[in-house]
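Please open the model in your viewer, with the backbone drawn as a cartoon and the selection panel at hand. The tour below moves from one selection to the next and says what is to be found at each stop.

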Amino acid sequence: MSAHPYAGKRIGLATIHEKERALAPPFRRLLGADVVVAPDLDTDTLGTFSGEVARPDALVETSLIKAELAFHTMDVDCAIASEGSYGPIDRLPLNPGGLEIMAFVDRRRGIRMVETLITHRTNWRIMSFEAGDPSVRQAVEAMGFPDYGVFVIRGNVGGHAVKDLKTVDEVVAAVDREARRADDGRAVVATDMRAHRNPTRMKVLRALAWKLAKRLSVLCPKCGAPGFGHIMSTRGLPCENCGEPTHWIDFEVDGCSSCGHAVSRARKDGRRTAPKLSCQACRD
Ligand SMILES: [Zn+2]
Ligand SMILES: [Zn+2]
């Protein structure tokens with residue numbers, strides 16, 4: 001077995017939030033590569049958590065642009081960046097969730113790859129208080145502070161945010177101060193979703209990093225480029241009764257994003273036909 005093309009290579013990581021803690025172990029273990037944080041980055045200029053769930057296509061675009069920032073300050077072929085978005089899912093404020101996107105770029109081989117993970121594991125929360133509200137202390141502790149960070153935001157989400165508060169007393173003082181300065185007399189306490197201040201998010205990023213490294217560990221059988229794997233599914237599994245195509249998946253297609261080589265394979269579960277109930281022709 002020959003070595004992986006990334007073995008012994010450095011891979012640039014665009015982060016200012018210690019995401020190397022999530023990425024370095026799987027990339028070392030599965031590929032033998034060293035994930036190195038790109039120097040002199042200010043990725044916060046590319047957007048921060050706004051408390052709204054961003055559109056997935058916008059996150060994909062941002063994470064790819066962010067990864068390529070690493071090439072400005074590092075002499076490497078490959079770079080990684082990630083973007084996340086958390087908030088209430090389906091307008092149910094008690095059921096927050098998140099979407100994490102990790103982008104990988106190999107500029108020499110022309111590989112641009114994105115892996116995603118949807119999670120319900122999060123402490124994401126926003127709460128609004130007036131100055132002097134006695135419940136701030138308990139609310140902040142319920143958010144996991146100080147193991148988990150919190151932001152205090154003047155007025156509404158999107159306003160001036162106070163970060164890196166160290167003690168509950170500092171948070172209470174910041175709520176009182178910012179609420180008094182706000183037009184509506186309120187301050188918002190929000191969970192800090194930056195990876196280094198949010199252990200649950202770091203755990204989710206670790207899972208996604210394993211998924212990405214695993215994908216990159218598979219080499220294209222034709223050109224040897226990393227990242228060969230599932231790119232699409234085709235539908236049309238024939239009906240067990242009449243043989244007409246149904247909406248069920250018939251083939252999975254694996255492909256290479258470097259040379260375009262693709263192969264289709266039958267369903268993993270071994271099904272060769274779809275149930276009669278799923279057939280439009282048989283139901284009409
Ligand atoms: Zn049928
Ligand atoms: Zn290939």
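Begin by selecting Ile-11 together with Val-35, its bridge partner in β2. The model in front of you is a predicted one, and this pair is a convenient way into it. Widen the selection to the two strands, and you will find β1 running parallel to β2, with four bridges joining them. Now add β3, which is also parallel to β1 and is joined to it by three bridges; here the residue to pick out is Gly-12, which stands opposite Ala-79 of β3.

Next, add helix α1 to the strands already shown, since β1, α1 and β2 together make a right-handed β-α-β unit. Which residues of α1 are buried? Select Ala-22, Leu-23, Pro-26, Phe-27 and Leu-31, the buried residues of this helix, which itself covers residues 20–31. Because they cover an arc of only 100° around the axis, these residues sit on the same side of α1. If you then look for what covers them, you will meet β1 (10–13), β2 (34–37) and β3 (78–89), and also helix α5 (199–217), among the elements involved. Follow the chain out of the helix to Gly-32, which comes after α1 and has a positive phi, near 70°.

Stay with this helix for one more residue, Glu-20, which lies in α1. Is Glu-20 buried or partly exposed? With 18 other C-beta atoms within 10 Å, Glu-20 is partly exposed, because the count that makes a residue buried is 20 or more. Setting aside its neighbours within four places in sequence, Glu-20 is in contact with Leu-13, Thr-15, Val-35 and Val-37. A distance label drawn from the C-alpha atom of Glu-20 to that of Tyr-6, 14 residues apart along the chain, should read 17 Å.

Move on to helix α4, residues 168–181, and label the distance between its end C-alpha atoms, which are 20 Å apart; this agrees with the 20 Å that its 14 residues should span at 1.5 Å a residue. Seen down the axis of α4, the buried residues fall within an arc of 160°, so they line one face of the helix. To see them, select Val-171, Val-172, Ala-174, Val-175, Glu-178 and Ala-179, which are buried in α4. These residues pack against the strands β6 (126–130), β7 (150–154), β8 (161–162) and β9 (186–191), as well as against helix α3 (136–142).

The next stop is an open sheet of three strands in the order β10-β11-β12, with antiparallel pairing. Its edge strands are β10 (229–235) and β12 (262–266), each of which pairs on one side only. Neighbouring strands of this sheet are turned by 30° against each other on average, direction ignored. Select β11 (residues 249–255) with β12, and five bridges can be traced between these antiparallel strands; Glu-252 is a good residue to centre on, with Arg-265 of β12 standing opposite.

Finally, clear the selection and show the whole protein chain, which has six helices and 12 strands. The C-alpha atoms fill a box of roughly 70 × 55 × 25 Å, taken along the principal axes. Of the 284 residues of the chain, 36% count as buried. Among the contacts in the protein chain with a separation of 6 or more, 65% are accounted for by residues 24 or more positions apart.

How values were computed: Residues numbered from 1 in each chain as written. Chains lettered and ligands numbered in written order. Predicted model: local features only at pLDDT ≥ 70, side-chain atom pairs only at ≥ 80, totals over all residues. Buried ≥ 20, exposed ≤ 12 C-beta atoms within 10 Å, placed from the backbone. Contact = placed C-beta atoms within 7 Å. Arc of directions from axis to C-beta. Expected span 1.5 Å × (residues − 1). Pairing = 2+ DSSP bridges. Right-handed = clockwise from strand over helix to strand, strands pointing away. Axes fitted to C-alpha atoms, helices over the stretch in contact; angles between N-to-C directions.
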